Structures are given as structure tokens and as C-alpha cells.
Amino acid sequence: MQSNELKLFEYHIWANNKVFDRLLELPDGIYNQKVESVFESLSAVVSHMYTTDILWLGLISGDSNEEVWEAAGQAWKEVKGKSAEQTKELYNTLGEQYKEMISKRDKSLHLKHPKFGELDTTMLELVQHVVNHGTYHRGNITAMLRQMGYAGVSTDYIFYLYDLK
């Protein structure tokens, strides 16, 4: 039986793929087009999401804060300037890494943050945070698409559940 953490992360992968599929349907140039919004472009939102997911994977894996921030910096360089299709491929690889980590990692975790201190938490709570962060920014993408005159795509959890049927 699939764990709650893994099922929740599968939703995150599904929702991101829905967004990428929509982005890939758009005319050339829209992905990098400048827009006056929370982020300067759709690609900037996606790059932020990818970098943050890399950061949290490192924390879940037990990497030190220094290692995590170094990996996030490398991820930013890696994703910056990539096409939507290339970034989707990076995300698919990252999703597999998350699923492997979620499957094998202890369910209770201890985090040490230089500013916020120490935190005893669970894998489920951290996966929920990653998914919530993604949901928030997928909403940014939908708003930006509408602002640019394009329809977004629905990534509500209930639609994921219906797709599982």
C-alpha cells in the first residue's frame, strides 16, 4: 500500500506535469515573456519551484544547510535558461529522486535551521509543505497566464483523484 507521503507527492508530480503540458501548448516565447507580476516570467516561477524542491529534497535527505544551499544554487544555474520541455525533464528526474527518498527515509525528521532553530517533524509534514509551496506557485502561473491572455489548467487535488480512477 502506498504511503500518504508518497501519494501526496504523486499529486505534486501530476499537478506539475499538467502545468508543463499547458506551458508546452503555448506559442513560442510565452514561457520567457516578461510580465508584470509576482515573478518576471513563467520560467522564473518554474525555476524558483524547481530550486526550492531541490532544497527540500536535500533537507529531507539529511544534508547539512551548507550542502542544501549549495545544491540549490547549482540547481538555479542548471534550470536557468532551460526551455519548458527541458525543465519538465529535470522535474521528472527530481520526482523520481523524491519518491525514492520518501520510500526509504525514516518518517520522523530533525531539522536544524540557522535562523529558526531546531524542529522535530515528520516526512508527511515536509512533503505537505513541498506540495503546498508548489500549489501556491502553480496558482501564480495560472494568474500570470490569464494576465497574458491564456487559460490556465486546473490542478485541484480532486481532479488528481478522479484521474486515478
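**Close-ups of helix packing in a predicted model**

**View 1. Helix α2 passes helix α3 in a right-handed crossing.** This is a predicted model, and the first stop is the α2–α3 pair. The contact draws on Ala44, Ser47, His48, Tyr50, Thr51, Ile54, Leu55, Gly58 and Leu59 from α2, and on Asn65, Val68, Trp69, Ala71, Ala72, Ala75, Trp76, Glu78 and Val79 from α3. Sort those residues by class and you get 12 nonpolar, five polar and one charged. As for geometry, α2 covers residues 42-61 and α3 covers residues 65-79, and the two pack at an angle of about 150 degrees with their axes 8 Å apart. Angles over 145 degrees count as roughly antiparallel, so that is the label for α2 and α3.

**View 2. Threonine 51 sits in helix α2 and faces a set of α3 partners.** With a relative accessibility of 12%, threonine 51 counts as buried. Skip its neighbours within four places in sequence, and threonine 51 is in contact with Ala72, Ala75, Trp76 and Val79. Take alanine 72 as one of these partners: threonine 51 and alanine 72 are 21 residues apart in sequence, yet their C-alpha atoms are 5.4 Å apart in space.

**View 3. Isoleucine 54 is another α2 residue in this packing.** Buried or exposed? Isoleucine 54 has 16% relative accessibility, so it counts as buried. Leaving out neighbours within four places in sequence, the contacts of isoleucine 54 are Ala71, Ala72, Ala75 and Leu94. Ala71, Ala72 and Ala75 are among the α3 residues of the α2–α3 contact, while Leu94 falls within the range of helix α4 (residues 84-104). Measuring C-alpha to C-alpha in the model, isoleucine 54 and tryptophan 76 are 9.4 Å apart, with their positions 22 residues apart in sequence.

**View 4. Tryptophan 76 looks back at α2 from helix α3.** Tryptophan 76 has a relative accessible area of 33%, so it is partly exposed. Which residues does tryptophan 76 touch, not counting those up to four places away in sequence? They are Ala44, Ser47, His48 and Thr51. Alanine 44 is 32 residues from tryptophan 76 along the chain, and the two C-alpha atoms are separated by 10.0 Å.

**View 5. Tyrosine 50 and tyrosine 91 make an edge-to-face aromatic pair.** The structure holds eight aromatic pairs, and this one has its ring centres 5.5 Å apart and 70 degrees between the planes. Tyrosine 50 is in helix α2 and tyrosine 91 in helix α4 (residues 84-104), so the pair ties together parts that lie 41 residues apart in sequence. Both tyrosines, 50 and 91, are buried.

**View 6. Helix α2 also packs against helix α5 (residues 123-147).** The angle here is about 175 degrees, and the axes are 10 Å apart. That makes α2 and α5 roughly antiparallel to each other, therefore sharing the label given to α2 and α3. On the α2 side you'll find Leu42, Val45, Val46, His48, Met49, Thr52, Asp53, Trp56 and Ile60. They meet Met123, Leu126, His129, Val130, His133, Gly134, His137, Arg138, Ile141, Met144 and Leu145 of α5. Class by class, the α2–α5 contact divides into 12 nonpolar, six polar and two charged residues. His48 turns up in this contact and in the one with α3.

**View 7. Helix α1 (residues 4-25) packs with helix α6 (residues 157-164).** The angle between α1 and α6 is about 100 degrees, and their axes are 10 Å apart. So α1 is roughly perpendicular to α6. From α1, the residues taking part are Lys7, Glu10, Tyr11, Trp14 and Lys18. Their counterparts in α6 are Tyr157, Phe159, Tyr160, Leu161, Asp163 and Leu164. The α1–α6 contact counts seven nonpolar, no polar and four charged residues.

**View 8. Tyr11, Trp14, Tyr157 and Tyr160 form one aromatic cluster.** Where do these rings come from? Tyr11 and Trp14 belong to α1, and Tyr157 and Tyr160 belong to α6. The four cluster residues are among those through which α1 and α6 meet.

Definitions and conventions. Residues numbered from 1 in each chain as written. Predicted model: local features only at pLDDT ≥ 70, side-chain atom pairs only at ≥ 80, totals over all residues. Heavy atoms only, no water. Axes fitted to C-alpha atoms, helices over the stretch in contact; angles between N-to-C directions. Parallel < 35°, antiparallel > 145°, perpendicular 65-115°, else oblique. Left-handed = near helix turned anticlockwise from the far one by under 90°. Contact = heavy atoms within 4.5 Å. Nonpolar A, V, L, I, M, F, W, Y, C, P; charged D, E, K, R; others polar. Phe/Tyr/Trp six-rings, centres within 6.5 Å; stacked < 30°, edge-to-face > 60°. Buried < 20%, exposed > 50% of the residue type's maximum accessible area, 1.4 Å probe, protein only.
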